[in-house]
Amino acid sequence: MIRFAHMASAPSSRPAPAASAALQAYASSHYDESGAAHFGIDVAGLAAMLAEVYADRGPGSENEASLASLRLEEVVLARACVAGNERAWEIFLTRYRGPMYEAAYKIAHDEASGRALADSLYAELYGLSDPGEVRVSKLHYYLGRGSLAGWLRTVMAQEYVNQYRRTKRETSLEAQVEEGKQFAANDPPAPPTDARVEAATAAELAALETEERFLLAAYFIDRHTLAEIAKVMGVHESTISRKLERATTSLRKRIRKRLIDAGMSPRQADEAMAETDVRDLNVKVSESLGQESGKLTFYKKSGEEG
């Protein structure tokens, strides 16, 4: 059984990005349909909100096609919830609380566990935290590429997998200690790698969408089968295969582009990626993907699964 990992990190403290002319025009022409007025957000505020969304999506993400496919009303609702708008939370709960519980029941396979799963996710969405910690709502990481309902199901499945893995890991470690197992010393440090490869990898892992993080972690790091992942996400195995192929291909292309932008020739970028094992990088891959570390290489040899 797979379980959802906590994939998101706290939003950065970077200065608020300025809205481009295209975003300002889009905000003005789509203001009425966005629902922003319900939450006291004016056109300028909507443009600023969209600037933050596209900054979180990453460089080069703002284009005509992405704006045409943006789930605007859902993004506005999510960001208004992040800002603590009570009206937004009322709409969110009315619209999504029932589907969240229904999805949780299907994932956990019993009512009590499903309700506990949904409630724990709601706490993260609302941004509940321990005293003294910064309030960060997980809804900040919804960027409007797909439906908010679909994003919630993916995050719910990931959280379920995380809880299962934490319980399993803690139980396994306790059993090993009781058996007097001697734990091996840490491996020697890996040889240094090109800082540009580390920077490009870290940046692109941080920019991954929620579903991409889950798929990459579940398949490459946790070594779950396509069938297992498909069962958790409630789709056909072939769908997971296509999604995984798109995610890995896109990730490789984006890392390669960053390396070229950093001064490498296309050939140097290809060679650097082909020769690099992510475990040798000074990048916290497991934390970026929300899972324990494992082997994740940029390229697969012919005939290999992972």
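## A tour of the pocket and the salt bridges

Begin by selecting Thr-210, which has its place in helix H10. The model on display is a predicted one. Thr-210 has a relative accessible area of 8% and is therefore buried, the limit for that class being under 20%. Display the side chain of Trp-151 as well: the side chain of Thr-210 makes a polar contact with it at 2.9 Å.

**Second stop: Thr-248.** Move to helix H12, where Thr-248 is found. Its relative accessible area is 9%, so Thr-248 also counts as buried. Which residues does Thr-248 touch, not counting those up to four places away in sequence? Select Leu-216 and Phe-220 to see these contacts.

**Third stop: the largest pocket.** Next, display the largest pocket, which holds about 950 Å³ of space. To find its centre, select Arg-145, Glu-209, Glu-212, Ser-250 and Arg-254; of the 33 lining residues, these lie nearest to that point. Colouring by helix is useful here. Two or more lining residues come from each of helix H4 (64-69), helix H8 (148-178), helix H10 (210-221) and helix H12 (237-261). Which element gives the largest share of the lining? That element is H12, with 8 residues. Now recolour the lining by residue class: 13 of its residues are polar, 12 are charged and 8 are nonpolar.

**Fourth stop: Glu-204 and Arg-254.** Keep Arg-254 selected, as this residue is among those nearest the centre of the pocket, and add Glu-204. Their side chains meet in a salt bridge, with 2.9 Å from N to O. Glu-204 lies in helix H9 (residues 195-206) and Arg-254 in helix H12, so the bridge ties together parts that are 50 residues apart in sequence. Are the two partners buried or exposed? Glu-204, at 6% relative accessibility, counts as buried, whereas Arg-254, at 24%, is partly exposed.

As general background, side chains of opposite charge can pair when their charged atoms come close. The model contains 11 salt bridges, and two further examples follow.

**Fifth stop: Arg-79 and Asp-56.** Select Arg-79 in helix H5 (residues 72-82) and Asp-56 in helix H3 (residues 43-57), which are 23 residues apart. They form a salt bridge whose closest N and O atoms are 3.1 Å apart. Arg-79 is buried, with a relative accessible area of 6%; Asp-56 reaches 22% and thus counts as partly exposed, since the buried class ends at 20%. Add Glu-52 to the selection: Glu-52, Asp-56 and Arg-79 are linked in a network of salt bridges.

**Last stop: Glu-73 and Arg-95.** Remain on helix H5 and select Glu-73, then Arg-95 in helix H6 (residues 86-108); this pair links distant parts of the chain, 22 residues apart. The two residues form a salt bridge, and their closest N and O atoms are 3.2 Å apart. Where the previous pair included the buried Arg-79, here Glu-73 is partly exposed, with a relative accessible area of 31%, and Arg-95 is partly exposed at 35%.

To review the tour, return to helix H12. This helix contains the buried Thr-248, gives 8 residues to the lining of the largest pocket, and holds Arg-254, the partner of Glu-204.

Methods
Residues are numbered from 1 along each chain as its sequence is written. This is a predicted model: local features need pLDDT of at least 70, side-chain atom pairs count only at pLDDT 80 or more; totals for chains, interfaces and linings use all residues. Side-chain values use heavy atoms; hydrogens and water are left out. On a 1 Å grid over the protein atoms alone, a cavity is a set of points where a 1.4 Å probe fits but cannot get out, and a pocket is an open set with protein on both sides within 12 Å along at least five of seven lines; lining residues have an atom within 4 Å of a point. Grid points are joined across faces, edges and corners, and a volume is the space filled by probe spheres set on the points. Helices (H or I, at least four residues) and strands (E, at least two) are DSSP runs, numbered from the N terminus. Ala, Val, Leu, Ile, Met, Phe, Trp, Tyr, Cys and Pro count as nonpolar, Asp, Glu, Lys and Arg as charged, and the others, Gly among them, as polar. A salt bridge is a side-chain nitrogen of Lys or Arg within 4 Å of a carboxyl oxygen of Asp or Glu. Buried means under 20% relative accessible area, exposed over 50%, partly exposed in between (1.4 Å probe, protein chains only). A polar contact is a pair of N or O atoms within 3.5 Å; within protein, one must be able to donate a hydrogen and the other to accept it, and residues adjacent in sequence count only if both atoms are side-chain atoms. Contact means heavy atoms within 4.5 Å.
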